[in-house]
Amino acid sequence: MKRFLNRLLPKSWRSDIVIIPVIRLHGTIMPGGGQFRPSLSLASTAGPIERAFSFDAPVVAISINSPGGSPVQSRLIFRRIRDLATEKNKKVLVFVEDVAASGGYMIAIAGDEIFADPSSIVGSIGVVSASFGFPELLKKIGVERRVHTAGQNKAVLDPFKPEKKEDIERLKALQLDVHETFIDLVKDRRGPKLKDDPDLFTGLFWTGKKGMELGLVDALGDMRSVLKTRFGPKTQLKLITGPRGLFGRFGWFGSSRGGFSAPDIAAAAASGAIDAAEERALWARFGL
């Protein structure tokens with residue numbers, strides 16, 4: 001509406017300032033998340049995404065910096081962006097910072113155009129599952145573990161038992177299903193832009209420069225430079241943020257009704273430490 005009214009004014013009165021809403025999708029992609037270590041999920045991103053698309057702006061810009069995580073949450077975020085882009089008839093420009101890999105790249109392909117730094121990491125179109133096994137640990141410390149199930153497959157991939165071939169095959173079949181969904185999504189969104197490269201869907205990842213050659217990104221560039229070149233030097237970027245975190249909402253000592261008990265804070269801190277370890281492992285896959 002503002003742009004329409006602006007066009008009705010005499011040319012000398014018109015404002016040539018364009019405000020572009022910006023969404024920052026930075027971090028690992030996991031359901032839930034914690035007060036101390038928030039993660040990307042549909043629940044945590046839906047609000048900012050909705051607000052960004054409510055702006056009277058020619059495009060919505062998205063900054064992505066994510067090594068991936070949950071394929072389900074990645075696809076839900078992707079779907080919400082595309083649904084709103086269609087509903088509001090707006091183009092989406094995605095800008096990759098350090099990494100848009102695995103689930104991070106799945107979200108990136110929600111963009112009508114993808115820009116990256118030459119040294120960004122993009123790709124990793126694959127599925128990974130990682131865990132630990134401790135089949136001899138309990139025996140060494142003299143502990144007997146008792147597991148009772150109804151259903152012969154309720155305790156598959158138990159970390160305290162040796163791996164079974166049939167369990168691994170079942171997990172592999174699940175991974176292949178998820179991988180196929182990912183591949184279909186990339187082909188649907190990038191289509192003829194993709195080069196015919198045998199390594200494209202093997203889980204390998206590349207720099208932004210090589211990713212452009214492969215058709216994974218459209219161009220090299222940073223958000224501010226690209227948007228000011230496209231919409232004029234007076235273009236302004238408006239960061240759309242979500243709710244503030246634990247201390248932003250309640251203060252350092254908890255000023256909400258009832259406050260926080262020491263066990264609450266300790267539990268949140270412990271959960272944050274576990275989340276941080278998982279996040280560190282995801283980033284480390286890309287040398288970061």
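## A walk through the chain

Among contacts between residues at least 6 apart in sequence, 74% join residues at least 24 apart. Bear in mind as you click around that this is a predicted model.

**Stop 1: the whole chain.** Start with a cartoon view. You should find 10 helices and 8 strands. Switch on the surface and you are looking at about 17200 Å² of exposed area, with carbon and sulfur atoms supplying 56% of it. Of the 288 residues, 36% count as buried.

**Stop 2: the largest core.** Hide the surface and select Leu25, Ile62, Ile81 and Leu216. These are the residues with the most contacts inside the largest nonpolar core, which has 41 residues. Now colour the elements that each supply at least two of its residues: β1 (19–26), α2 (42–53), β2 (59–66), α3 (71–88), β3 (91–101), α4 (103–108), β4 (113–116) and α6 (165–190). Which helix gives the most to this core? That is α3, with 5 residues.

Zoom in on Leu25. Beyond its neighbours within four places in sequence, Leu25 is in contact with Leu40, Thr45, Ile62, Ser63, Ile64, Asn65, Ile77, Ile81 and Ile107. Apart from the largest core there is another one, made up of 10 residues; to find it, select Ile20, Val22, Leu93 and Met223, which are among them.

**Stop 3: helix α2.** Select 42–53, the range of α2. If you have a distance tool handy, try the two end C-alpha atoms of α2: they are 15 Å apart, and this agrees with the 16 Å that its 12 residues should span at 1.5 Å a residue. Then show side chains for Leu42, Thr45, Ala46, Pro48, Ile49, Ala52 and Phe53, which are buried in α2. Look at how they are spaced along the helix, with this in mind: an α-helix has 3.6 residues a turn, so residues three or four places apart point the same way. What covers the buried residues of α2? The cover includes β1, β2, α3, β3 and β8 (236–240).

**Stop 4: charged pairs.** Next, the salt bridges; the count comes to 9. Side chains of opposite charge can pair when their charged atoms come close. Three of these pairs are worth a visit.

- Select Asp112 and Arg189, whose side chains meet in a salt bridge at 4.0 Å, N to O. Asp112 sits in the loop between α4 and β4 while Arg189 belongs to helix α6, so this pair ties together parts 77 residues apart in sequence. Asp112 has a relative accessible area of 24%, so it is partly exposed; Arg189, at 25%, counts as partly exposed too.
- Move to Arg230 and Glu113, which form a salt bridge with their closest N and O atoms 2.8 Å apart. This pair links distant parts of the chain, from Arg230 in helix α8 (residues 223–231) to Glu113 in strand β4, 117 residues apart. Arg230 counts as partly exposed because its relative accessibility is 40%.
- Finish with Asp218 and Arg190, which meet in a salt bridge at 3.0 Å, N to O. Asp218 is in the loop between α7 (208–214) and β7 (219–220), and Arg190 is in helix α6, so parts 28 residues apart in sequence are tied together. Is each partner buried or partly exposed? Asp218 counts as partly exposed, at 26% relative accessibility, whereas Arg190 is buried, at 3%.

Before you leave, add Arg82 to your selection: salt bridges that share partners join Arg82, Asp112 and Arg189 into one network.

**Stop 5: a surface patch.** Bring the surface back and select Leu137, Ile141 and Val143. They form a nonpolar patch with about 260 Å² of accessible area together. Val143 is in the loop between α5 (137–141) and α6, and its 42% relative accessibility is why Val143 counts as partly exposed.

**Stop 6: a glycine in a loop.** Last, centre on Gly126, in the loop between β5 (121–123) and α5. Is Gly126 buried or exposed? The cut-off for buried is under 20% relative accessible area, so Gly126, at 17%, is buried. Show what surrounds it: leaving aside neighbours within four places in sequence, Gly126 is in contact with Ser102, His179, Phe182 and Gly203. For one more distance, pick the C-alpha atoms of Gly126 and Ala101: they are 9.4 Å apart in space, with their positions 25 residues apart in sequence counted as separation.

Conventions:
Residues numbered from 1 in each chain as written. Predicted model: local features only at pLDDT ≥ 70, side-chain atom pairs only at ≥ 80, totals over all residues. Heavy atoms only, no water. Core = buried A, V, L, I, M, F, W, Y, C linked by side-chain atoms within 4.5 Å. Buried < 20%, exposed > 50% of the residue type's maximum accessible area, 1.4 Å probe, protein only. Helix = DSSP H or I, 4+ residues; strand = E, 2+ residues; numbered from the N terminus. Contact = heavy atoms within 4.5 Å. Expected span 1.5 Å × (residues − 1). Patch = residues over 30% accessible without salt bridge, like charges linked within 9 Å, V, L, I, M, F, W, Y side chains within 5 Å. Areas by Shrake-Rupley, 256 points an atom, 1.4 Å probe, with all protein chains shown as cover.
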